[in-house]
Amino acid sequence: SVDDLALALSYVGPLAGSVGFSLNETAGTIAYFATQGIIGEKAGTSLRGVLASLQAPSAAAAAEMDKYSISMFD
């Protein structure tokens, strides 16, 4: 339903946008999750986890940058 889609997008939308997923790609993936019985916030949380796991781990990135004497902080 539209409510389930809205819930899912509220959980995954910001991350999906930051990694370059379009709304169509994100909604399509959420729709696929729904065909597998994963709906609403569960779909959003699951997809967010998938996208987050595809991002480079911070510790590994920091170690690689240390090799080149590059330092970053927040």
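Here is a walk through this structure, from the whole chain down to single residues. Keep in mind that the model is predicted.

Let us start with the overall fold. The protein chain holds 4 helices and 0 strands, and read from the N terminus its elements follow the order α-α-α-α. If you turn the C-alpha trace onto its principal axes, you will find that it spans about 50 × 20 × 20 Å. The radius of gyration fits into that picture: the protein chain has 16 Å, whereas a compact globule of 74 residues would come out near 11 Å. As for the surface, about 5,300 Å² of the protein chain is exposed, and 61% of this area comes from carbon and sulfur atoms. Buried residues account for 15% of the 74 residues. The contacts tell us something about how the chain meets itself: taking those between residues at least 6 apart in sequence, 57% link residues that are at least 24 apart.

Now follow helix H1, which covers residues 2-18. Three of its residues make handy landmarks. Val 2 belongs to helix H1, and its C-alpha atom is 9.3 Å from that of Gly 40, although 38 residues separate the two in sequence. Is Val 2 buried or exposed? Val 2 counts as exposed because its relative accessible area is 67%, and the cut-off for exposed is over 50%.

Further along H1 we come to Leu 15. Which residues does Leu 15 touch, once those up to four places away in sequence are set aside? They are Arg 48, Leu 51 and Ala 52. For Leu 51, the C-alpha to C-alpha separation from Leu 15 is 7.5 Å, across 36 residues of sequence. Ser 18 is also part of helix H1. Ser 18 is classed as exposed because its relative accessibility is 56%. From the C-alpha atom of Ser 18 to that of Gly 44 there are 15 Å, with the two residues 26 apart along the chain.

Next, have a look at how two of the helices meet. A pair of packed helices is described by the angle between the axes and by the distance between them. Helix H2 (residues 23-35) packs against helix H3 (residues 40-54) at about 115°, and their axes lie 10 Å apart. The crossing of H2 past H3 is right-handed. On the H2 side, Thr 26, Thr 29, Ile 30 and Phe 33 make the contact, while H3 brings in Ala 43, Ser 46 and Leu 47. What kinds of residue are these? By class, the contact of H2 with H3 has 4 nonpolar residues, 3 polar ones and no charged ones.

Our last stop is Ser 69, in the segment that follows helix H4 (58-67). The backbone is what deserves your attention here. Most residues other than glycine have a negative phi. Ser 69, which is not a glycine, has a positive phi, near 60°. Where does its side of the story end, buried or exposed? With a relative accessible area of 69%, Ser 69 is exposed, because that value lies over the 50% cut-off.

Methods
Residues are numbered from 1 along each chain as its sequence is written. This is a predicted model: local features need pLDDT of at least 70, side-chain atom pairs count only at pLDDT 80 or more; totals for chains, interfaces and linings use all residues. Side-chain values use heavy atoms; hydrogens and water are left out. Helices (H or I, at least four residues) and strands (E, at least two) are DSSP runs, numbered from the N terminus. Buried means under 20% relative accessible area, exposed over 50%, partly exposed in between (1.4 Å probe, protein chains only). Axes are lines fitted to C-alpha atoms, for helices over the stretch in contact, and angles run from 0 to 180 degrees between N-to-C directions. A crossing is left-handed if the near helix is turned anticlockwise from the far one by less than a right angle, and right-handed if clockwise. Contact means heavy atoms within 4.5 Å. Ala, Val, Leu, Ile, Met, Phe, Trp, Tyr, Cys and Pro count as nonpolar, Asp, Glu, Lys and Arg as charged, and the others, Gly among them, as polar. The radius of gyration is taken over C-alpha atoms; the globule rule is 2.2 Å times the number of residues to the power 0.38. Accessible areas come from the Shrake-Rupley method with a 1.4 Å probe; for residues, only the protein chains shown count as cover.
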